[in-house]
Amino acid sequence: MWLAAAHGVQGVYVNPSRWWQNASFALPALIAVASLIGGQLFGSAEATGFGLFAVVVTLIMIPVVLLTWRGTATSVVLTEAGATALHEGRVLHDFAWSELRRIERVEYLGNTRFKLVHGDEDRFMVVESEIERGAALVDQAFALSGIPRQSEAATG
């Protein structure tokens, strides 16, 4: 495994979520179960019909969720040399600290994510909100890369 050969590992940050925890799959699946059970318990054709509709939505969403899950980092490894995002051991994205330009905080619908923007073309690695200790990962990325935080750059 490449990680065993990596030198200077400074931190490993894990995303403990799984594909089936994605709201695009989980919500219609839960609605399907609740509606089907409620429809059967109370003899409601409407609830049963809605449950069947939710089953179809759930089945349609499975391939969509699985395709997007393949691009989700299940761990991020920080080394003395740079950062690597992995999906179940497969390298998704990596870069050297010398390429890092800035770290952006992005808030969307109540979720806070960070973008580690690097390279001349402003490529970026996303640190999802599901990554455990994501704030510590960002702090460590600032420290390892040597780039100043925006507040530090403005004052100093």
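Where is the place of threonine 74? Select threonine 74 and look: this residue of the predicted model sits in the loop between α3 and β2. Its relative accessible area is 11%, under the 20% limit, so threonine 74 is buried. Now show what surrounds it. Beyond its neighbours within four places in sequence, threonine 74 is in contact with Tyr13, Val14, Asn15, Trp69, Leu86, His87 and Glu88.

**Stop two: the sheet**

Colour the strands next. Four of them form an open sheet in the order β1-β2-β3-β4, and the pairing is antiparallel. Go to the edges: β1 (9-14) and β4 (90-96) each have a single partner strand, so one side of each has no neighbour in the sheet. On average, neighbouring strands here are turned by 15 degrees against each other, with direction ignored.

Select residues 75-79 and 82-87. These are β2 and β3, paired in the antiparallel sense over four bridges. Pick valine 76; its bridge partner in β3 is alanine 85.

Move on to β3 and β4. They run antiparallel and are joined by six bridges. Which residue of β4 does alanine 83 stand opposite? Phenylalanine 95 is the one to click. Then step to the hairpin of these strands, which has two residues between them. Glutamate 88 takes a positive phi near 50 degrees there. Glu88 was also on the contact list of threonine 74.

**Stop three: helix α2**

Select residues 23-42. This is helix α2, with 20 residues. Put a distance on its end C-alpha atoms: they are 27 Å apart. At 1.5 Å a residue the expected span is 28 Å, so the two values agree.

Start at the N-terminal end. Asparagine 22 caps α2 there, with a side-chain oxygen 2.7 Å from the backbone nitrogen of serine 24. Now jump past the other end of the helix. Just after α2, glycine 43 has a positive phi of about 65 degrees.

Which residues of α2 are buried? Highlight Phe25, Ala26, Pro28, Ala32, Ser35, Gly38 and Gly39. Show α3 (45-69) as well: the buried residues of α2 pack against it.

**Stop four: alanine 47**

Alanine 47 lies in helix α3. Its relative accessibility is 21%, so alanine 47 counts as partly exposed. Leaving aside neighbours within four places in sequence, alanine 47 is in contact with Ser35, Leu36 and Gly39. Of these, Ser35 and Gly39 are among the buried residues of α2. Draw a C-alpha to C-alpha line from alanine 47 to alanine 32: it spans 9.3 Å, and the two are 15 residues apart in sequence.

**Last stop: aromatic rings**

How many aromatic pairs does a search of the whole structure find? There are three. Visit two of them here.

Show tryptophan 19 and phenylalanine 25. The ring centres are 5.2 Å apart and the planes stand at 55 degrees, so this pair is tilted. Tryptophan 19 has 27% relative accessibility, so it counts as partly exposed. Phenylalanine 25 is buried, at 15%.

Then show phenylalanine 95 and tryptophan 97. Their ring centres are 5.8 Å apart and their planes are at 90 degrees, so the pair is edge-to-face. Both phenylalanine 95 and tryptophan 97 are buried. Keep phenylalanine 95 selected to return to the sheet, where it stands opposite alanine 83.

Key. Residues are numbered from 1 along each chain as its sequence is written. This is a predicted model: local features need pLDDT of at least 70, side-chain atom pairs count only at pLDDT 80 or more; totals for chains, interfaces and linings use all residues. Side-chain values use heavy atoms; hydrogens and water are left out. The expected span of a helix is 1.5 Å times one less than its number of residues. Buried means under 20% relative accessible area, exposed over 50%, partly exposed in between (1.4 Å probe, protein chains only). Contact means heavy atoms within 4.5 Å. A polar contact is a pair of N or O atoms within 3.5 Å; within protein, one must be able to donate a hydrogen and the other to accept it, and residues adjacent in sequence count only if both atoms are side-chain atoms. Two strands pair if DSSP finds at least two bridges between them. Axes are lines fitted to C-alpha atoms, for helices over the stretch in contact, and angles run from 0 to 180 degrees between N-to-C directions. Rings of Phe, Tyr and Trp (its six-membered ring) pair if their centres lie within 6.5 Å; planes under 30 degrees apart count as stacked, over 60 as edge-to-face and the rest as tilted.
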